[in-house]
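Me: I have a structure open in front of me and would like to learn how to read it step by step. Could we begin with one helix and work outwards from there?

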Amino acid sequence: MSILTAQHRMGVAALLMGASIVLSRFMGLLRDKVISWQFGASGEADMYFAAFVVPDIINYLLAGGYVSITLIPLLASRFQEDSEDAWRFFSTVFWWALCASSLLTGMAFIWAGPLAVWVAPGFDAAQSARLATFLRIILPAQIFFLSGACFSALLFLRRQFTVPALTPLIYNGVIILGG
């Protein structure tokens, strides 16, 4: 029997997620400091930051962070009514999200060259070509971010908050270690 009431468990979950977000933001700041220290105010640093513009646009277009928030109440009500229908609903949402993110990522991958010129119009031809390569490296992550948001919704629904709280910390930690 748990000592914590449902309200207390919600508070602990909110505290865990809030602490994770704050820590992730600090790690993001540290990540940017490491990149700045490594490259200084250079074309390489500009290229690094420019390489995230298109993937971020795809993420915003598909509302990656909001998928899990929107999905949770819809799934919760479906699971209360009919578990089999809830899994079909989740499967449909997941596959449409996966297809949309794959399609947009694929299009951006194909047109990385023109997108690089659009994102960083001041770059010369060699820098634009290198930026296009960086874009192609970073773009596929969006597919995993959106898919992960769907699975995070399932974890939140099942009141399992540790893995979703750790994911942004692991993401930033790997970038910092790579830097």
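Reply: Let us begin with helix α3, keeping in mind that this is a predicted model. The buried residues of α3 are Val-54, Pro-55 and Ile-58. Seen down the axis of α3, these buried residues fall within an arc of 100°, so they line one face of the helix.

Me: Why can residues that are not neighbours in sequence point the same way in an α-helix?

Reply: The general idea is that an α-helix has 3.6 residues a turn, so residues three or four places apart point the same way.

Me: What covers the buried residues of α3?

Reply: The cover includes α5 (83–110), α6, α7 and α8 (141–157).

Me: Which residues of helix α6 are buried, and which are exposed?

Reply: In α6, which spans residues 112–119, the buried residues are Ala-112, Ala-116 and Val-119. Viewed down the axis of α6, they fall within an arc of 70°, so they too line one face of their helix. On the other side of α6, Pro-114 and Trp-118 are exposed.

Me: How should I think about the buried side chains as a group, rather than helix by helix?

Reply: In soluble globular proteins, nonpolar side chains tend to be buried together. Here the largest nonpolar core has 19 residues, of which Val-54, Leu-131, Leu-135 and Leu-139 touch the most other members. Helices α2 (43–50), α3 (53–61), α6 and α7 (125–138) each supply at least two residues of this core, and α7 gives the most, with four residues. Apart from this core lies another, of 13 residues, among them Leu-71, Leu-75, Phe-89 and Leu-154.

Me: Which residues does Leu-139 touch, not counting those up to four places away in sequence?

Reply: Leu-139 touches Val-54, Pro-55, Ile-58, Thr-105, Ala-108 and Phe-109. Among these you will recognise Val-54, Pro-55 and Ile-58 as the buried residues of α3.

Me: How is a pair of aromatic rings described?

Reply: Such a pair is described by the distance of the centres and the angle of the planes. The structure holds seven aromatic pairs. One of them is formed by Phe-90 and Phe-94, which are stacked, at 6.0 Å centre to centre and with 20° between the planes. Both residues lie in helix α5, four residues apart, about one turn of the helix, and both are buried. Phe-94 also pairs with Trp-95, this time edge-to-face, at 5.2 Å centre to centre and with 80° between the planes.

Me: Are Phe-94 and Trp-95 buried or partly exposed?

Reply: Phe-94 has a relative accessible area of 11% and is therefore buried, whereas Trp-95, at 48% relative accessibility, counts as partly exposed. Ring pairs also link Phe-79, Trp-87, Phe-90, Phe-94, Trp-95 and Phe-151 into a cluster.

Me: Where is Ser-101 found, and what is it in contact with beyond its neighbours within four places in sequence?

Reply: Ser-101 is found in helix α5. At 1% relative accessibility, Ser-101 counts as buried. Leaving aside its neighbours within four places in sequence, Ser-101 is in contact with Leu-62, Gln-142, Ile-143 and Leu-146.

Me: What sign does phi have in most residues other than glycine, and where is Arg-159 placed?

Reply: Most residues other than glycine have a negative phi. Phi of Arg-159, however, is near 60°, a positive value in a residue other than glycine. Arg-159 is placed in the loop between α8 and α9 (162–178), and at 65% relative accessibility this residue counts as exposed.

Me: What is a disulfide, and how many are counted here?

Reply: A disulfide is a covalent bond between the sulfur atoms of two cysteines. In this model the count comes to zero disulfides. As for accessibility, Cys-99 at 44% counts as partly exposed, while Cys-150 at 0% counts as buried.

Me: What does the secondary structure of the protein come to, and how many of the residues count as buried?

Reply: The secondary structure comes to nine helices and zero strands. Of the 179 residues of the protein, 34% count as buried. Among the contacts in the protein with a separation of 6 or more, residues 24 or more positions apart account for 76%. The accessible surface comes to about 11200 Å², of which 71% belongs to carbon and sulfur atoms.

Technical notes. Residues are numbered from 1 along each chain as its sequence is written. Side-chain values use heavy atoms; hydrogens and water are left out. Buried means under 20% relative accessible area, exposed over 50%, partly exposed in between (1.4 Å probe, protein chains only). The arc is that of the directions from the helix axis to the C-beta atoms. A nonpolar core is a set of buried Ala, Val, Leu, Ile, Met, Phe, Trp, Tyr and Cys residues joined through side-chain atoms within 4.5 Å. Contact means heavy atoms within 4.5 Å. A disulfide is a pair of cysteine sulfur atoms within 2.5 Å. Accessible areas come from the Shrake-Rupley method with a 1.4 Å probe; for residues, only the protein chains shown count as cover. Rings of Phe, Tyr and Trp (its six-membered ring) pair if their centres lie within 6.5 Å; planes under 30 degrees apart count as stacked, over 60 as edge-to-face and the rest as tilted.
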